[in-house]
Amino acid sequence: MHFFKTTVQISLLPMIIISSLQNPLIKDIQKMDKNRERKKRNLFLAEGLRECKLAVEGGFIIEKLLFCSSYISEEVLIKETSIGQSTELIELTPQVLDTLVYRKGIPNCLALIKSKAYALE
């Protein structure tokens, strides 16, 4: 009897993989270029590891974190951004991520972050 030892990579957070530019989420993110859409959804976009980390440190809640495993690993992304279990992690193909971001082909991510409401007192 032979036993084979296999290793299975388990995702740290639940993850979706998107490979199409026609995906409804991708189309919604493209619409968020307009201020009106961002205000309507009460969300804003942050591009880059440092910006996402600063948002979390500032008390903002990341709803969705989009990345490409060809550019950055899931483990590094989670470690660097300190995201919680409530964040939806979405893997994109290089083509899809490069369509959404300004800085292409580098270790990069894109976050959908809840806006904070500030009131004048």
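## Glu 47, Leu 97 and the sheet around them

The backbone nitrogen of Tyr 102 sits 3.0 Å from a polar atom of the Glu 47 side chain. This is a predicted model. Glu 47 belongs to strand 2. With 13% relative accessibility, Glu 47 counts as buried, because the cut-off for buried is under 20%. A second polar contact, of 2.9 Å, links the Glu 47 side chain to the side chain of Asn 108. Setting aside neighbours within four places in sequence, Glu 47 touches Val 101, Tyr 102, Arg 103, Asn 108, Cys 109 and Leu 110.

Asn 108 also appears in the surroundings of Leu 97. Leu 97 is part of helix 5, residues 94–100. Its relative accessibility is 0%, so Leu 97 counts as buried. Beyond neighbours within four places in sequence, Leu 97 is in contact with Phe 67, Cys 68, Tyr 71, Leu 92 and Asn 108. The C-alpha atoms of Leu 97 and Leu 66 are 7.9 Å apart, although 31 residues separate the two along the chain.

The two buried residues compare as follows.

| Residue | Element | Relative accessibility |
|---|---|---|
| Glu 47 | strand 2 | 13% |
| Leu 97 | helix 5 | 0% |

Now the sheet. Its 5 strands run in the order 1-4-3-5-2, the sheet is open, and the pairing is mixed. Strand 1 (15–18) and strand 2 (43–47) are at the edges; each has a single partner strand, so one side of each lacks a neighbour in the sheet. From one strand to the next, the twist averages 20°. Strand 1 pairs with strand 4 (residues 88–92) in the parallel sense, over 4 bridges. Within that pair, Ile 17 stands opposite Glu 91 of strand 4.

Helix 3 (residues 49–57) packs on this sheet. Helix 3 touches strand 2, strand 3 (62–67) and strand 5 (109–114), and its direction makes about 25° with that of strand 5.

Helix 3 also meets helix 4. How do the two axes cross? The axes of helix 3 and helix 4 (residues 74–81) come within 8 Å and cross at roughly 45°. Helix 3 and helix 4 are therefore oblique to each other. On the helix 3 side, the contact is made by Leu 49, Cys 52, Lys 53 and Val 56. Helix 4 supplies Leu 77, Glu 80 and Thr 81. By class, this contact has 4 nonpolar, 1 polar and 2 charged residues.

Note on methods:
Residues numbered from 1 in each chain as written. Predicted model: local features only at pLDDT ≥ 70, side-chain atom pairs only at ≥ 80, totals over all residues. Heavy atoms only, no water. Pairing = 2+ DSSP bridges. Helix = DSSP H or I, 4+ residues; strand = E, 2+ residues; numbered from the N terminus. Axes fitted to C-alpha atoms, helices over the stretch in contact; angles between N-to-C directions. Contact = heavy atoms within 4.5 Å. Parallel < 35°, antiparallel > 145°, perpendicular 65-115°, else oblique. Nonpolar A, V, L, I, M, F, W, Y, C, P; charged D, E, K, R; others polar. Buried < 20%, exposed > 50% of the residue type's maximum accessible area, 1.4 Å probe, protein only. Polar contact = N/O pair within 3.5 Å; in protein donor to acceptor, adjacent residues only side chain to side chain.
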